[in-house]
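Colleague: I'd like a close look at one single part of this protein, with a bit of the overall setting first. Could you walk me through it?

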Amino acid sequence: MGPAATVDFYGKLVEETPATCDQGHVPVVIWGDPRVPDRSLSLVGDGEDPTPYLRRGIEGLKRAGCQVLAVPCNTAHAFVPRLADEAGLELASIIEVTADALAADGVRAAGVLATSGTLRAGLYAEALRRRGVAVIEPGEADQRRVMAAIGAVKSGAVGPAHRHVLEEVSRALAGRGAERVVAACTEIVLALDGSRVPVPVVDPARLLARRVAELALG
């Protein structure tokens, strides 16, 4: 759905696969459809429902012989689990693998940088709280700045000011007690320099790639 994030995810899948030759890598079918309506706008009530587009893509992957579905779009997980069930595909959930990793590391509080739709749907809030991890989200003004930075990545116009915003909001989350900052939009990790944040920045796309490699290679 996000072309740059899709390319980034596939690169991470290659890196996370312990292969020594071409034939050792995971067979992959990529359904890249940037026409899918904005998932975040739909969730906040200002956009078209992306469900028909997502269903069409998932059905296409099923026909292509796929058995595991990985969607490197956090916000889409407000829609995808039900559609994966309908298609009979195992879903490697970017939300669940991230929540599992944070809980396994003993994290008590995590800051979440995400689209407004992801926050509105409570995707990370619910998954993390089930595991005893408190969630810290940006305030309204900071969230508007985060959305502007995400939009800049999607438009190919991200600049130093957008990167600074993501760093500044991340530092604010850390200042409020976050032990990790989750880059819970696959565009954010393309613009956020984790070395400039005082706590570790978690990349859900990296964790998802690792999980897909584990599932595919046993």
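Modeller: Helices here are DSSP runs of H or I with at least four residues, strands are E runs of at least two, and both are numbered from the N terminus. Keep in mind that this is a predicted model. By that count the protein chain has 10 helices and 6 strands. Its radius of gyration is 17 Å, which agrees with the value near 17 Å that a compact globule of 218 residues would have. The C-alpha atoms fill a box of roughly 45 × 40 × 35 Å along the principal axes, and 47% of the 218 residues count as buried. Looking at contacts in the protein chain with a separation of 6 or more, 71% come from residues 24 or more positions apart.

Now for the part I'd zoom in on, helix 5, which covers residues 94-104. Just at its start, S93 puts a side-chain oxygen within 3.2 Å of the backbone nitrogen of I95. I95 is itself buried, and so are I94, V97, T98, A99 and L102 in this helix. What covers these buried residues? The cover includes strand 2 (90-92) and strand 3 (109-113). Further along the chain, helix 7 (123-130) and strand 5 (180-183) are also part of the cover, as are strand 6 (201-202) and helix 10 (204-217). Past the other end, helix 5 is followed by G106, which has a positive phi near 75 degrees.

As for the outside, the protein chain has an accessible surface of about 10300 Å², and carbon and sulfur atoms make up 51% of that.

Methods
Residues are numbered from 1 along each chain as its sequence is written. This is a predicted model: local features need pLDDT of at least 70, side-chain atom pairs count only at pLDDT 80 or more; totals for chains, interfaces and linings use all residues. Side-chain values use heavy atoms; hydrogens and water are left out. The radius of gyration is taken over C-alpha atoms; the globule rule is 2.2 Å times the number of residues to the power 0.38. Buried means under 20% relative accessible area, exposed over 50%, partly exposed in between (1.4 Å probe, protein chains only). Contact means heavy atoms within 4.5 Å. Accessible areas come from the Shrake-Rupley method with a 1.4 Å probe; for residues, only the protein chains shown count as cover. A polar contact is a pair of N or O atoms within 3.5 Å; within protein, one must be able to donate a hydrogen and the other to accept it, and residues adjacent in sequence count only if both atoms are side-chain atoms.
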